[in-house]
Amino acid sequence: MSYRALLNIDYTHDFVADDGKLSCAAPGQALEDSIVALTESFIQAGDDVFFAIDAHEENDPYHPESKLFPPHNIIGTPGRALYGKLAEVYDRHRDKPQVHYFDKTRYSAFVGTPLETKLRERGITELHLVGVCTDICILHTAIDAYNKGFDIVVHEQGVASFNQPGHAFALEHVVSILGGRVVEGSHA
Ligand code: ZN
């Protein structure tokens with residue numbers, strides 16, 4: 001049993017591809033090799049890897065994001081597919097018991113998902129974060145992780161945003177306010 005896990009957030013077509021509905025585009029695409037390398041290295045080390053992927057219904061009148069963003073990651077559309085080589089990595093390892101995939105409907109991967117229960121069952125205390133967007137789903141997940149007492153590690157080459165000042169603010173906030181670590185490189 002390991003104390004750490006990798007959390008892969010929203011690295012999907014809609015958030016990363018040039019024609020994605022809410023895309024980080026080039027800064028997001030630049031993460032592909034780092035996220036793939038980190039994901040493989042956690043799996044090879046026997047650590048748990050969680051994929052928490054945005055899932056929306058089109059024009060959901062009750063969802064707060066409907067007023068804020070264009071429709072994205074709509075259930076049943078190709079926009080929800082994992083982007084690039086990460087899709088192949090997931091397909092290759094998806095049947096392993098340490099690889100978990102679940103939908104989320106809010107910024108934080110803790111809201112309405114089995115994430116916290118699965119982390120506590122496994123005695124995981126340190127959460128490594130990669131994906132997009134740094135200042136939205138990564139930051140909100142990190143804030144929940146902080147409030148729940150998890151240690152936070154954000155991989156700088158594994159996160160990006162369509163908002164560069166927001167990206168920089170979020171990384172600084174993780175360190176100075178959440179007491180987390182921001183690490184460089186794609187090493188684990
Ligand atoms: Zn969303």
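Analyst: Helices (H or I, at least four residues) and strands (E, at least two) are DSSP runs, numbered from the N terminus. This is a predicted model, where local features need pLDDT of at least 70 and side-chain atom pairs count only at pLDDT 80 or more, while totals for chains, interfaces and linings use all residues. Residues are numbered from 1 along each chain as its sequence is written, and side-chain values use heavy atoms, with hydrogens and water left out.

User: Okay, backbone first. Which peptide bond is cis, and what is its omega?

Analyst: The general idea: most peptide bonds are trans. Here, the bond running from V132 to C133 is cis, with omega near -10°. C133 sits in the loop between strand 4 (126–132) and helix 6.

User: And phi? Where is A25 found, and what is its phi?

Analyst: Most residues other than glycine have a negative phi. A25 goes the other way with a positive phi near 50°. Look for A25 in the loop linking helix 1 (13–16) and helix 2 (26–29). N73 isn't a glycine either, and has a positive phi of about 50°. You'll find N73 in the loop between strand 2 and helix 4.

User: Is A25 buried or exposed? And N73, buried or exposed?

Analyst: Go by relative accessible area: buried is under 20%, exposed over 50%, partly exposed in between (1.4 Å probe, protein chains only). A25 comes out partly exposed at 25%, while N73 is buried at 0%.

User: Now helix 4. Which of its residues are buried?

Analyst: In helix 4 (residues 85–93), the buried ones are L86, V89, Y90 and H93. Looking down the axis of helix 4, they fall within an arc of 95°, so they line one face of the helix. That arc is taken from the directions from the helix axis to the C-beta atoms.

User: What do the buried residues of helix 4 pack against?

Analyst: Their partners are strand 1 (4–9), helix 3 (32–44), strand 2 (48–54) and strand 3 (99–104). Just past helix 4, in the loop leading to strand 3, is R94, which is partly exposed at 45% relative accessible area. C-alpha to C-alpha, R94 is 10.0 Å from V49, with their places 45 residues apart in sequence.

User: How many residues are in the largest nonpolar core, and which have the most contacts inside it?

Analyst: A nonpolar core is a set of buried Ala, Val, Leu, Ile, Met, Phe, Trp, Tyr and Cys residues joined through side-chain atoms within 4.5 Å. The largest has 53, and L7, L119 and L129 have the most contacts inside it. Helix 6 (residues 134–147) gives the largest share of this core, 6 residues.

User: What is L7 in contact with?

Analyst: Contact means heavy atoms within 4.5 Å. Leaving aside neighbours within four places in sequence, L7 touches residues including F50, A52, L115, L129 and T141.

User: Last one: what is the volume of the largest cavity, and which residues line it?

Analyst: On a 1 Å grid over the protein atoms alone, a cavity is a set of points where a 1.4 Å probe fits but cannot get out, and lining residues have an atom within 4 Å of a point. Points join across faces, edges and corners, and volume is the space filled by probe spheres set on them. There is 1 cavity of 30 Å³ or more, and the largest is about 70 Å³. Its lining includes D10, D54, E65, H72, C133 and C137.

Definitions and conventions. 1 Å grid on protein atoms, 1.4 Å probe; cavity = no way out; pocket = protein on both sides within 12 Å on 5 of 7 lines; lining within 4 Å.
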